[in-house]
Amino acid sequence: MKFQHSGKVPKSVILLVCMLVLPIQLQAWILSLDHWDNQLLNASPGEILVLDPDVVTPSQLAMAKAKGLIPLAWLNIGAFEPGRTFSDHLDPKVLFLPGKAPKEGTQWVRFYTSSWRKVLRERVREIAHAGFRGVFVTGLEAPMQITDEPLPIADMIALVARLRTWVNAQIPGGMLLGFGPLPALKALGPDLPIHGLVFSGIWSGPMGKTLRPWDRDALLKVINAAFPSHIKRFSLDDPGGRIPPATISQSARRLGFDPAFIPLPIRIIRRPLP
């Protein structure tokens, strides 16, 4: 199973992690975007819930916070997701380039427009008012996808910077965590104002296919050159390949990654406290 932000979203993803360089000490992630399960409340205090703001109810969010959990809200800043309350009212002529609105698949939007920024800012207000502690950001690859010729990367960096400003203003100590394909994240590079990023396929690719060592070394060189050390790194791999998960975990931690695995449940191996 591929972990991605477009198409159908997995019902729940559990990621265990500690020692994050973030405003809050984080110990786990649980991603639940299309339903609520009271078993989510079995998580330990200090763990993170990444939730769909259009699905979770105020009472459910209150229960999670009462358990000492840290809720983050899913937010796609580069693509239109049908059914979203904050963007469904927008005119397609405002959202999409002429002739570019797709009938199927990911619907990339003109993320650089004032209309899109306006609804995102209002969305952050909704997220903060609901009681979330930050945002899980997707859609970062929109500049490479909206047209045949990539748009200026600076437009997406500027949007993320605005998003961080809005989060800081509405949610003191709030955080931004992001996921996207490596070429897009590399292009955004060290200027991306975000706390942590998830990279997939460093040790194994789709269907558990083992990544060749020289290809992995090339990926790691790209990541090390593109991202400063203060951005927390996660690796996401398929454990069905030739490399045992324990070996991946050991190598990942040695290289500064918290390792995670697919298929469900995805789990990031916890590092021992110093």
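**Exercise 1. Get a first picture of the chain: how much of it is buried, and how many helices and strands are there?**

*Solution.* Start with burial: 52% of the chain's 274 residues count as buried. Keep in mind as you go that this is a predicted model. Next, turn to the secondary structure, where you will find 8 helices and 11 strands. Then look at the surface: the accessible area of the chain is about 13000 Å², and carbon and sulfur atoms hold 55% of it. Finally, consider the contacts whose separation is 6 or more: 63% of these join residues 24 or more positions apart.

**Exercise 2. Work out whether P71 is buried or exposed, and find what it touches.**

*Solution.* First locate the residue: P71 sits in strand β4, which covers residues 70-76. Its relative accessible area is 1%. The cut-off for buried is under 20%, so P71, at 1%, is buried. Now pick a partner from elsewhere in the sequence. L49 is 22 residues away along the chain, yet the two C-alpha atoms are 4.5 Å apart. Last, list the contacts, setting aside residues up to four places away in sequence: P71 touches L49, L51, L61 and K65, and also G131, F132, R133 and G134.

**Exercise 3. Do the same for I243: where does it lie, and which residues is it in contact with?**

*Solution.* Begin with the place: I243 belongs to the loop that links β10 (232-237) to α8 (245-254). Then check its accessibility. With a relative value of 19%, I243 counts as buried, because the limit is under 20%. For a distance, take K209: 34 residues separate it from I243 along the chain, and their C-alpha atoms are 9.5 Å apart. To finish, leave out neighbours within four places in sequence; I243 is then in contact with W203, T210, R216 and I248.

**Exercise 4. Describe how helices α3 and α5 meet: what is the angle between their axes, and which residues make the contact?**

*Solution.* Find α3 at residues 114-130 and α5 at residues 153-170; their axes come within 10 Å and cross at roughly 30°. Angles under 35 degrees count as roughly parallel, so α3 is roughly parallel to α5. The crossing itself is right-handed. Now collect the residues on each side. From α3 come W116, R117, L120, R121, V124, R125 and A128, while α5 supplies L159, R162, L163, W166, V167 and Q170. Sort them by type as a last step: the contact has 8 nonpolar, 1 polar and 4 charged residues.

Definitions and conventions: Residues numbered from 1 in each chain as written. Predicted model: local features only at pLDDT ≥ 70, side-chain atom pairs only at ≥ 80, totals over all residues. Heavy atoms only, no water. Axes fitted to C-alpha atoms, helices over the stretch in contact; angles between N-to-C directions. Helix = DSSP H or I, 4+ residues; strand = E, 2+ residues; numbered from the N terminus. Parallel < 35°, antiparallel > 145°, perpendicular 65-115°, else oblique. Left-handed = near helix turned anticlockwise from the far one by under 90°. Contact = heavy atoms within 4.5 Å. Nonpolar A, V, L, I, M, F, W, Y, C, P; charged D, E, K, R; others polar. Buried < 20%, exposed > 50% of the residue type's maximum accessible area, 1.4 Å probe, protein only. Areas by Shrake-Rupley, 256 points an atom, 1.4 Å probe, with all protein chains shown as cover.
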